[in-house]
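Visitor: Could you take me slowly through one part of this structure, the place where its two chains touch?

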Amino acid sequence: MNFVPRSTALVTLNLIITFVIAAIGFGVGFGQGMLAQEVILYTIISAAVLFWILNYIAVIYESRFQADKPADSAESAVGVGSVWRNNRVLIIAMVLLLAVYLIVTGAYPPFRSIYNLIGFLVLEVILIFAFKVSNVFVHGRSAFIGLIVLLALIVISAFTIVGFLSPANIRAVLLFASFLGIACIGQTMVALMGGLDLSIPFLIGAANILLLYLVGLGVPPWFAFVAVIVLGCGIGFLNGIMSYKLQGQALIITLGTGFTVTGLVQIITSIGSAFAGNVFGKVPDWLANLAAMNGKFFGLAVPPTILLWIALSIIVVIALRYSAYGRYVYALGGNRRSAKLVGISELKYWLLAYIISGGCAALTGALLLGWSGGGFIGVGDPYLFTTLAAVVIGGTSLAGGYGGYGFTVIGVLVLQVLSSFLIGIGLKYEWQQFIFGILILPMVALYSRQPSIRAQV
Amino acid sequence: MAEVRSPQSTYMLIPILLLSILLSIAVIRGPAIVTLEGLGSAITVAAPLCLATYALMSVAIAGRGTVDLAVGPLLAFINVIIVSLNELDLVTSPLGVFVLALAIGIAYQVVFALVIIIVRVQPIIVALSGFLALSGINRVIMQRPGGTAPEWMSTWGSGSTIFSPILLLLVIATGGWLLFTLSPFYKHLRMMGYDERAAFTSGVRGNLVRVGAHVISGIFVALAAICYTALIASGDPTQGTTISLTAVTAVVLGGISLAGGRGNVLGALLGAINLFLIGYVLATFNFGSVQAFVTQMSYGLILIASLLLTLLVPVVGRHISFITPFSAFMVLGVVVVAIMLTVGISMPEGALPVATTNYDLLPTPWTAEIADFVPTPLQKVMMVALAVFTLGTIMMRVVVVEASARRFGVFGHALVAGMLFLGLAVVALYSLPSSGGLLK
């Protein structure tokens, strides 16, 4: 494969784009008051890299175009008309964004800053990428879009929020991402099989107070920790076996076990206590260190939970991709009947997915106890839909068979960085929730559309 | 040999069984529920849940796993909008409030349907999106519960009489759906929910039908929100999640399939009533500080149990196919009415003791004077024998009719409905001491 497109028009276009963006970077660099040498160096580097990437993309497009249309090149009309026809939605979206930007800039003087201009350009670039370039990546298209959005979010946040890239903030974002990420392991597994698990938030809350209660009773903390996780696996097993018998009702079954478990655990912890529903006690030091913001890992100022999440992620991703277990999960999620005929035990893998889900939820609850230092049943409530949202934003199909934990990691990071950004610009939790809700739809719509009913007949 | 009945109605057996058990316990434990006031307030409290359940039902039938989890936040959204606009003196008249509520409900549901149709993402994702967005915006509009409902609503929520406007709304909604089921549109809806491809190939215009189902759902949500506003007489942005989860539970308890195609309004109604009764019954047991947790656990257990019971339905349907939901409803109805009568007779005038001892199934024994009418032992035996004979004859007749005919005749329906109505009326009159018992 060569690295320069054959058509000179494309090369010129790439050059122009590169120069414009490099010029913007140049101006911004001086605007920031950096050293002239640094500005020039960075500009040259970025221009070169950008030019190379653009050419690379152009080459891919050229070869694809030639592969798609071998003979009838006479029919493919060239010109403004075909450009409009092929890119209608993209052009309308870009023009709308431009209009919004111009109106806001015109109407609201404080908005006229270089950061907002950059933010605007980044959004336009995201649009182009999302519509055009992502088609190149047939597999992992959602991951690509997710990564671009994540990158754009980080860039915008870094420009608009003071201290966004400070170690403390990065640590906080990663820590919360770890809690969400660990809770999402199970949800991803279950979604890959075509199920759903809504009991996760209830299990988190129940594990949270049960662990503190057990520690308060004098059970050795490590034993209580393990016991809570095993209990979580047990609940997962129940979920699995019941939802296997009642196919398609996983949502309700898991909701029912969730209600039952929280009710039961609260009753147990309330017996003999004057404060119904509240559990008091001392969290063991090692558990607090495990998950607290100022936790240390062999002297490193990194909460061990983050490392735990990274380790678990690597294990899960590798297991899903390379082990027989992982391949069977995909096979079952993709086409259950065929997988069964090949001789894969459906029940076994279905159960395993739910057991992992229950265990991960309990683990998250236990870790959250270390983070907060006090038991609270409502600690899982925010996870009711965020686990689902992270899985869906990452690109794992809820119908099963497509996706993976790597995608979910991207989804989790997008959610956490976005949340941190929204907090940074001073929005309250309610607004964050609103914006999450509004954003999920377009993100999913970009890559997870179902075929039309006409195509299914 | 009677043929196997369609599973469509056999699934109603579970809610009916549950209803009779719960109603019996409720009457024994807290007889106040069968007084006029008790029924009135029960209707007021249960109506929002019933209507929210209808809303879920009408989209659940449309298939594709449409579980509109956003129904609770949407209800809360309409509630806060009504209350906020009332505070600002913008919309206060009944007409204005109804138009506003219906417009919001329908608009949201139409957008929901259009997103499913045009953008073609899974409905559960759209519901999730709507849930987050609406829960967020509710808290933005109104930070904490407060405000006052429009003045004309104040008499609605008092629940001092059975025939409140809320009952009227509920009856209109139920009747409206029953009328709707007569239309071919409903047949298309069910067909689409059951098998969308088959419906498409046989010419059902799926998109139109889907939008229609969502519009109906929007109307139900709006009515639910109005009832809810009347009930709490203020705005509450925080209850959305609870309402959603409860309504989903009620839908399942009512034997409605979330996979689409199966479900009817009576099931939804029974499901919601069952859920209300669970709460009522549990409230008569005094669990002290853990009351809320016991209620939550019971919801969960009953939800799971009723789902597991649906596994038995095909087996039951195969072996005892002559039991149709209607005959079950009748038999159990007679039993419950009998229990009501017993409780009503054994109760002295003016005293409606709610069981106060923990974990007793029977009401507190009373020590006051017996009412005027005291039958002699012979009279008692005669009365019981007569009642048993009558009931037995009718029952056997009904069983024979139902086992041999595919349709239950108009006469049977009228007879049974009349008997049930009579029984209920007697109980209602009995249990209301101020109106004077029949035997006086």
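Guide: What follows looks at the side of chain A that touches chain B, and then at a pair of helices within chain A.

This is a predicted model, in which local features need pLDDT of at least 70 and side-chain atom pairs count only at pLDDT 80 or more, while totals for chains, interfaces and linings use all residues. Residues are numbered from 1 along each chain as its sequence is written, and chains are lettered from A and ligands numbered from 1 in the order in which they are written.

The contact draws 44 residues from chain A and 44 residues from chain B, where two residues are in contact if their C-beta atoms, placed from the backbone, lie within 7 Å. On the side of chain A, at least two residues each come from α9 (221-245), α10 (250-270), α16 (383-394), α18 (429-447) and α19 (453-456); helices here are DSSP runs (H or I, at least four residues; strands are E, at least two), numbered from the N terminus. The most is given by α10(A), with 15 residues. Sorted by class, this side has 25 nonpolar, 16 polar and 3 charged residues, with Ala, Val, Leu, Ile, Met, Phe, Trp, Tyr, Cys and Pro counted as nonpolar, Asp, Glu, Lys and Arg as charged, and the others, Gly among them, as polar.

Within chain A, the helix pair α7(A) and α12(A) makes its contact through residues including Leu174(A) and Ile182(A) of α7(A) and Trp309(A) and Val316(A) of α12(A). The residues of that contact divide into 8 nonpolar, 4 polar and no charged.
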